Amino acid sequence: NELPKGLARFLEPLVVFVRDDIAVPNIGKKKAGRYLPYLLTVFFFILINNMIGLVPFFPFGANLTGSIALTALLAFFTFLLTVFSGNKHYWRHIFATPGVPFWLLPIMVPVEIMGMFTKPISLMIRLFANITAGHIIILSLISLIYLFQSSWASVLAVPLALFIDCLEVLVAFLQAYVFTLLSALFIGQAVAEEHH
């Protein structure tokens with residue numbers, strides 16, 4: 001029962017947070033362990049890349065999560081995991097929604113199938129848009145200096161840009177949390193047992 005040292009001491013609370021506050025409540029205690037490696041990987045991948053994107057000089061400054069291709073790939077992985085982990089109750093809910101009259105099924109089935117695809121699309125767009133928006137705001141504030149062609153514009157633009165950059169640190173953690181939480185929620189819906 002030794003306390004971890006170094007980097008492990010910093011990472012352990014984050015790992016425990018993802019396990020106890022994201023995976024277990026949304027997937028269930030019995031099945032959460034199976035999906036925890038994926039959720040931890042996604043959480044730390046998004047968090048680390050968001051933080052690297054905030055450093056404005058070489059070799060950092062690359063904003064991976066501000067790329068729609070990368071966020072689409074992450075959402076696609078969550079989609080695959082959800083589809084292939086879905087149990088018979090999940091698929092019955094999609095193709096024969098309980099409690100829905102038989103004559104309404106031709107309308108409900110396409111709606112449920114569309115719902116399967118809109119979940120990863122919303123994951124993709126949410127991460128991409130929120131990360132890109134912060135960078136656009138910072139670039140807009142800095143560009144005011146060049147737009148007004150005066151160093152006096154920097155008196156307002158630079159402090160505001162620094163403030164937004166500090167908010168971006170919060171957004172980096174928040175977006176990693178939200179993507180991981182929604183992934184766990186979607187997986188949890190797919191593996192949930194039928195309630196009587």
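Is Y90 buried or exposed? Y90 is buried, at a relative accessible area of 9%. The close-up views below are taken from a predicted model.

**View 1. The aromatic pair of F79 and F117.** Five aromatic pairs are counted in the model. In one of them, the ring centres of F79 and F117 are 5.2 Å apart. Their planes meet at 35°, so the pair is classed as tilted, since stacked pairs need planes under 30 degrees apart and edge-to-face pairs need over 60. F79 belongs to helix α3 (residues 68-85) and F117 to helix α5 (residues 105-148). With these positions 38 residues apart, the pair links distant parts of the chain. F79 is buried, at 15% relative accessibility, whereas F117 is partly exposed, with a relative accessible area of 42%.

**View 2. The aromatic cluster of Y90, W91 and F95.** These residues, Y90, W91 and F95, make up one aromatic cluster. Within the cluster, Y90 and W91 form an edge-to-face pair. Their rings are 5.2 Å apart from centre to centre, and the angle between the planes is 75°. The buried member of this pair is Y90, with 9% relative accessible area. W91 is partly exposed, because its value of 24% falls between the limits of 20% and 50%.

**View 3. A nonpolar patch on the surface.** I68, F117, I121 and I125 make a nonpolar surface patch of about 340 Å². Helix α5 supplies the largest share of the patch, three residues. F117 is located in helix α5 and has a relative accessible area of 42%, which makes this residue partly exposed. F117 also appears in View 1, where its ring pairs with that of F79.

**View 4. The surroundings of T78 in helix α3.** T78 lies in helix α3 and is buried, with 2% relative accessibility. A polar contact of 2.5 Å connects the side chain of T78 with that of Y38. When neighbours within four places in sequence are left aside, T78 is in contact with Y38, L123, F179 and S183. Y38 therefore appears both in the polar contact and in this list of contacts, a contact being heavy atoms within 4.5 Å.

**View 5. The surroundings of T180 in helix α6.** T180 is part of helix α6 (residues 153-191). The relative accessibility of T180 is 0%, so the residue counts as buried. Residues up to four places away in sequence are not counted here; beyond them, T180 touches V18, I22, L39, V42 and F43.

**View 6. P13 in helix α1.** Helix α1 (residues 7-27) contains P13. At 49% relative accessibility, P13 is partly exposed, because the exposed class begins only over 50%. The C-alpha atoms of P13 and L162 are 28 Å apart in space, and the two residues are 149 residues apart in sequence.

**View 7. V55 in the loop between α2 and α3.** V55 is placed in the loop that runs between α2 (29-54) and α3. V55 is partly exposed, with 23% relative accessibility. From V55 to L11 the C-alpha separation is 21 Å, and the two residues are 44 residues apart along the chain.

Note on methods:
Residues are numbered from 1 along each chain as its sequence is written. This is a predicted model: local features need pLDDT of at least 70, side-chain atom pairs count only at pLDDT 80 or more; totals for chains, interfaces and linings use all residues. Side-chain values use heavy atoms; hydrogens and water are left out. Rings of Phe, Tyr and Trp (its six-membered ring) pair if their centres lie within 6.5 Å; planes under 30 degrees apart count as stacked, over 60 as edge-to-face and the rest as tilted. Helices (H or I, at least four residues) and strands (E, at least two) are DSSP runs, numbered from the N terminus. Buried means under 20% relative accessible area, exposed over 50%, partly exposed in between (1.4 Å probe, protein chains only). Patches are made of residues with over 30% relative accessible area and no salt bridge: like charges are joined within 9 Å, nonpolar side chains (Val, Leu, Ile, Met, Phe, Trp, Tyr) within 5 Å. Accessible areas come from the Shrake-Rupley method with a 1.4 Å probe; for residues, only the protein chains shown count as cover. A salt bridge is a side-chain nitrogen of Lys or Arg within 4 Å of a carboxyl oxygen of Asp or Glu. A polar contact is a pair of N or O atoms within 3.5 Å; within protein, one must be able to donate a hydrogen and the other to accept it, and residues adjacent in sequence count only if both atoms are side-chain atoms.
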